[in-house]
Amino acid sequence: MVSKKTVEDIEWYGVSQDGRKVQIAYCGPSSPCKLVENCISSCPEYLSRLKTDGLSIILSNVTQADRGLEFQCQIHHMTKGPRIYTISIKEISPREGVVPN
């Protein structure tokens, strides 16, 4: 766990298949996360389905096509170097009560 008292900022990135990172959100020490829209030519499709909640990002309407998406969270501390966490979508489970087509 991370103490909010020692966090300078948090950066969220989308990681492409070739390993390039695109910043998708920034969280400051006294403000909730804000989505960063810095796509120049083509934005990833999932960007329109992201929203923020406090220090978290939420991807809505996840489908089988999202399998393989990778996100990275960098937490910058006042007293330590950055901590990096990677989140990968490996499997998509159908929602209970929903019959697949």
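This is a short walk through the strands, the charged pairs and the aromatic contacts of one protein chain.

Hi everyone, thanks for coming. Please keep in mind that what you see is a predicted model. The mean pLDDT of the chain is 82, and 85% of the residues reach 70 or more. If we go element by element, strand 7, residues 83-88, has the highest mean pLDDT at 92, while strand 4, residues 50-53, has the lowest at 87.

Now the overall layout. The chain has seven strands and zero helices, so reading from the N terminus you simply get β-β-β-β-β-β-β. There are 101 residues, and 31% of them count as buried.

Let's turn to the charges. How many salt bridges does the structure hold? Three. I'll start with Asp18 and Arg20, whose side chains meet at 2.9 Å, N to O. Asp18 has 53% relative accessibility and Arg20 has 57%, and because the cut-off for exposed is over 50%, each of them counts as exposed.

The other place to look is Arg49. Which residues are linked with Arg49 in a network of salt bridges? They are Glu45 and Asp66. On the Glu45 side, the closest N and O atoms are 3.0 Å apart. On the Asp66 side, the closest N and O atoms are 2.6 Å apart. That second pair links distant parts of the chain: Asp66 sits in the loop between strand 5 (56-59) and strand 6 (70-77), Arg49 in the loop between strand 3 (34-35) and strand 4, and the two are 17 residues apart.

Have a look at the accessibility across this network, too. Asp66 and Arg49 are both buried, with Arg49 at a relative accessible area of 12%. Glu45, on the other hand, is exposed, at 52%. With the cut-offs at under 20% for buried and over 50% for exposed, that is why Arg49 at 12% falls in one class and Glu45 at 52% in the other.

On to the rings. The structure holds one aromatic pair. Tyr46 and Phe71 are the partners, and the geometry is edge-to-face, with 5.2 Å centre to centre and 85 degrees between the planes. This pair also links distant parts of the chain, since Tyr46 is in the loop between strand 3 and strand 4, Phe71 is in strand 6, and 25 residues separate them. Are these two rings buried or exposed? Tyr46 counts as buried at 9% relative accessibility, and Phe71 is buried at 6%.

There is another ring to point out while we are here. Lys21 lies over the face of Tyr13, at 4.7 Å from the ring centre.

I've kept Asp9 for the end. You will find Asp9 in strand 1, residues 7-15. Asp9 is buried, yet has no salt bridge. What is the nearest side chain of opposite charge, and how far away is it? That would be Lys21, 12 Å away. A salt bridge needs the nitrogen within 4 Å of a carboxyl oxygen, so at 12 Å Lys21 does not qualify as a partner for Asp9. What Asp9 does have is a side-chain polar contact with Tyr26, at 3.3 Å.

To wrap up, if you open the model afterwards, try these stops: the network of Glu45, Arg49 and Asp66, the edge-to-face pair of Tyr46 and Phe71, and Asp9 with its contact to Tyr26. Thanks, everyone!

Terms used:
Residues are numbered from 1 along each chain as its sequence is written. This is a predicted model: local features need pLDDT of at least 70, side-chain atom pairs count only at pLDDT 80 or more; totals for chains, interfaces and linings use all residues. Side-chain values use heavy atoms; hydrogens and water are left out. pLDDT is the predictor's confidence in each residue, from 0 to 100. Helices (H or I, at least four residues) and strands (E, at least two) are DSSP runs, numbered from the N terminus. Buried means under 20% relative accessible area, exposed over 50%, partly exposed in between (1.4 Å probe, protein chains only). Rings of Phe, Tyr and Trp (its six-membered ring) pair if their centres lie within 6.5 Å; planes under 30 degrees apart count as stacked, over 60 as edge-to-face and the rest as tilted. A charge sits over a ring if NZ of Lys or CZ of Arg is within 6 Å of the ring centre and within 35 degrees of the ring normal. Lys and Arg count as positive and Asp and Glu as negative; His and the chain ends are not counted. A polar contact is a pair of N or O atoms within 3.5 Å; within protein, one must be able to donate a hydrogen and the other to accept it, and residues adjacent in sequence count only if both atoms are side-chain atoms.
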